[in-house]
Protein chains: 4
Amino acid sequence: MGSKERIARLKSELRKDILYAALAILKNDGRQSLSLRKIADRIEYSPPVIYSYFKNKEAILIALCELCYQQFNGCIEKNCRKLTNPEERLTAIVTTCWNFAIDEKEMYNLMWEVGSTCTDPFTQFKELGLFLNFLSETLKNLCGKKVCTEEYLLHKSQTAIAVMHGHICLNYTLSNADPKLRSRMLNETILYVMNLINDYNLTPHELNNHY
Amino acid sequence: MGSKERIARLKSELRKDILYAALAILKNDGRQSLSLRKIADRIEYSPPVIYSYFKNKEAILIALCELCYQQFNGCIEKNCRKLTNPEERLTAIVTTCWNFAIDEKEMYNLMWEVGSTCTDPFTQFKELGLFLNFLSETLKNLCGKKVCTEEYLLHKSQTAIAVMHGHICLNYTLSNADPKLRSRMLNETILYVMNLINDYNLTPHELNNHY
Amino acid sequence: MGSKERIARLKSELRKDILYAALAILKNDGRQSLSLRKIADRIEYSPPVIYSYFKNKEAILIALCELCYQQFNGCIEKNCRKLTNPEERLTAIVTTCWNFAIDEKEMYNLMWEVGSTCTDPFTQFKELGLFLNFLSETLKNLCGKKVCTEEYLLHKSQTAIAVMHGHICLNYTLSNADPKLRSRMLNETILYVMNLINDYNLTPHELNNHY
Amino acid sequence: MGSKERIARLKSELRKDILYAALAILKNDGRQSLSLRKIADRIEYSPPVIYSYFKNKEAILIALCELCYQQFNGCIEKNCRKLTNPEERLTAIVTTCWNFAIDEKEMYNLMWEVGSTCTDPFTQFKELGLFLNFLSETLKNLCGKKVCTEEYLLHKSQTAIAVMHGHICLNYTLSNADPKLRSRMLNETILYVMNLINDYNLTPHELNNHY
DNA sequence: CATGAATGAGATTTCATTCAT
DNA sequence: AATGAATGAAATCTCATTCAT
């Protein structure tokens, strides 16, 4: 494929169709049965067409993952951007993550699966980077007047993602937990994430003992 | 020993062989290339024998998962049981989990993968239940004289597992992090797990605000 | 496949059937259209069966090449072994090669094609080694009472193969040459091969100038 | 220059581009991965253009083969034309062939592969014809004052090509031969080619016995 | 009880070629 | 003149599972 052609195809409608077909299969039939053949069937084209738009299956997965991050970040923006109070915003962020993970389990799992194979998902996936920054910005506001380094905030944000992910996975495994327990788990998750920032209030001596 | 018993024992032997073959393939070649054919090759039997011991591939995965939990719990027992000081023991538990996840990534991932498909992994997998109790017991000691309900301790233990898992997954994705950052992440994980129990020291009123 | 099983299959009838099917396709349809699917069709089995007997297509080609060498060497043995006079025998060898290359062009080409990809075809393919030795033995007799080293004879034998191959390839390209020219080419080939051994009669001084 | 001419020139340019793209792919990726798609990519045109210049893939291969012969003959001209002493020139010819075959294995193989499918490569490929004549002229000079027929010289030239090709193929198969052996093989090849002309010194009676 | 034999279904991928525009 | 779009046909290979023996 010539570079001109390739660039054109990147913007193509069919490329989008392929990705959305993949997304639909992912949601309906699950990660395991996401095959090129099924994608081709769904868009009512022959399988080789796909190779005009993606190098191979891995490339599709990565692009699909990107799409998932876009949709995820879209939820976050929609639900949380408007909130100005940092506690409220952080609560909304965690809640949105939580619900996204429940409602879109296949997407959520794909995001972590593909992320694990990348060198640096936070830079590779633009929308994940945006989310990280949004989280970071929120945590900064939460600190109030205290000055935190950018690096510190990013690290805490990643930790927040980790803590949320852990609870989400736990929630997956407790498949017959009652709604009350689930709701409690969500609340706790919010709490833990909120408290991540607290140790910044520790005295230097206490901090020393921590790290 | 009657022939019946002998036969039963032999049967049980082969079952083990199958599982250990599966484990070896999992470790060496990875989850994706774990096939019945390969297992059969390794035990030098023909594929259909496997169906005498397991209903289908899924059943093998579940049993294999159990084996992984056994090995995992073995590590925990070996490294942590002897420690009597609760802080030390908890530190050892988190560290052991962390290292197991690094050294046996395939096993660790399988444990969560299969766990996600089960109704209740904590009761289905005996060794996971044992680990949960061990964690619970450790947390109890950490509380000192304060009285905590069994249920509370189990819940906190699950939360600890969640927090650890989150950090472990984050560690997986940060594939080019330097050892110093990784070491810091481990320390933080220990810290967070340790502090899980702290809110028990909150006043009832504060607790109310939490949940 | 367990090793026991694999060994059994090496002797299996079906394995032979696969190879002879491949040979038939090679002869009839040519090297380019030799596919696993066609082989499976011809033996009236499904394609995956082939993988019970051969690791992959390359393994089939190598085994097929071996079969070609066997058939080739069979011709040589049949036509030449009985001749005791060294000139007559050498003449018969060259003639047999020549005719084999004409009658079994696809086989002949495959033998060189696969041979080119091997590290050392003369040891890898037993029958090619036998042919080399037979040639070497013949050249030795041609030398008469003069003593030649084994190494020298093997080298000359390889050279003989090279000279024959060159003429055979030339013969392939001259596709509209008349039979008289072809016959003359064969005679010349015999002559050149016969003379390969002549420089052994050179004085040491002359030999020095050669190498 | 009229627009007609300009268009014709442009057309001829693109034809060249196609061939040189094919050549580059042949050299870099090998004969097997020479596809129309890849050629189109490389010239940054779409695949169908190629069909404006060539009937099908086979036609490209033939034209590519011609290009290879041009390059080959270019080497010969450059390295050998200047030498006037016939022995020196013949030595240079064989050496140049030998090195070309080593350095440009893919090209060399293609030349013989395509050559085998043509009716008469020596007339079809102009540069191969030139090479043949050059060889023939050299052999003629080697004969000295003796008179040889044109036909005889051409035949001997073809034979020389055959002998060289045989040794070159042998050199390909002996993939782990040491440089000393290879160098010896080259020397022998030179020697054999040089001696091809010698039997012209035979008496008519001896010649009769030969043919 | 054990297995050799076999397969259907399906995976990813490549390629030469066509054709409406 | 050029191409974007598309495809049919084919390639190799893997796998879980079945069943007669």
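**Chain pairs and DNA contacts in the predicted model**

Between chain B and chain A, seven residue pairs are in polar contact, both residues being at pLDDT 80 or more; a polar contact is a pair of N or O atoms within 3.5 Å, where within protein one must be able to donate a hydrogen and the other to accept it, and residues adjacent in sequence count only if both atoms are side-chain atoms. The structure is a predicted model, in which local features need pLDDT of at least 70, side-chain atom pairs count only at pLDDT 80 or more, and totals for chains, interfaces and linings use all residues. Residues are numbered from 1 along each chain as its sequence is written, chains are lettered from A and ligands numbered from 1 in the order in which they are written, and side-chain values use heavy atoms, with hydrogens and water left out.

On the side of chain B that touches chain A, at least two residues each come from helices H6 (105-117), H7 (121-124), H9 (150-173) and H10 (179-195) of chain B; helices (H or I, at least four residues) are DSSP runs numbered from the N terminus. H9(B) contributes the most to this side, 14 residues. By class, the side consists of 17 nonpolar, 13 polar and three charged residues, where Ala, Val, Leu, Ile, Met, Phe, Trp, Tyr, Cys and Pro count as nonpolar, Asp, Glu, Lys and Arg as charged, and the others, Gly among them, as polar.

In total, 33 residues of chain B contact 34 residues of chain A (heavy atoms within 4.5 Å). The two chains bury about 3000 Å² between them, 63% of it on carbon and sulfur atoms; buried area is the accessible area (1.4 Å probe) lost by two parts on being put together, summed over both. Zero salt bridges are found across the interface of chain B and chain A, a salt bridge being a side-chain nitrogen of Lys or Arg within 4 Å of a carboxyl oxygen of Asp or Glu.

Chain B superposes on chain A by a rotation of 178 degrees with 0.0 Å of shift along its axis (RMSD 0.4 Å), fitted by least squares on the C-alpha atoms of residues with pLDDT of at least 70 in both copies. The two copies are thus related as by a two-fold rotation axis. Within chain B, the C-alpha nearest the axis belongs to Gly166(B), 1.9 Å away. Of the interface residues of chain B, 97% are also interface residues in chain A, so the copies meet through the same surface.

For the other pair, 34 residues of chain D contact 34 residues of chain C. About 3100 Å² is buried between chain D and chain C, 63% of it on carbon and sulfur atoms. This interface has zero salt bridges and seven residue pairs in polar contact (both at pLDDT 80 or more). H9(D) provides the largest share of the side of chain D that touches chain C, 14 residues.

DNA strand E is surrounded by 27 residues, the closest being Ser35(A), Ser46(B), Pro48(B), Tyr45(C) and Lys57(D); a residue is near the strand if one of its heavy atoms lies within 4 Å of it. Of the strand's atoms within 4 Å of the protein, 64% belong to sugar or phosphate and the rest to bases. Polar side-chain atoms lie 3.0 Å from a phosphate oxygen of the strand in Arg37(A), 2.8 Å in Tyr51(A) and 2.8 Å in Lys57(A). H3(B) gives the most residues to the surface near DNA strand E, three.
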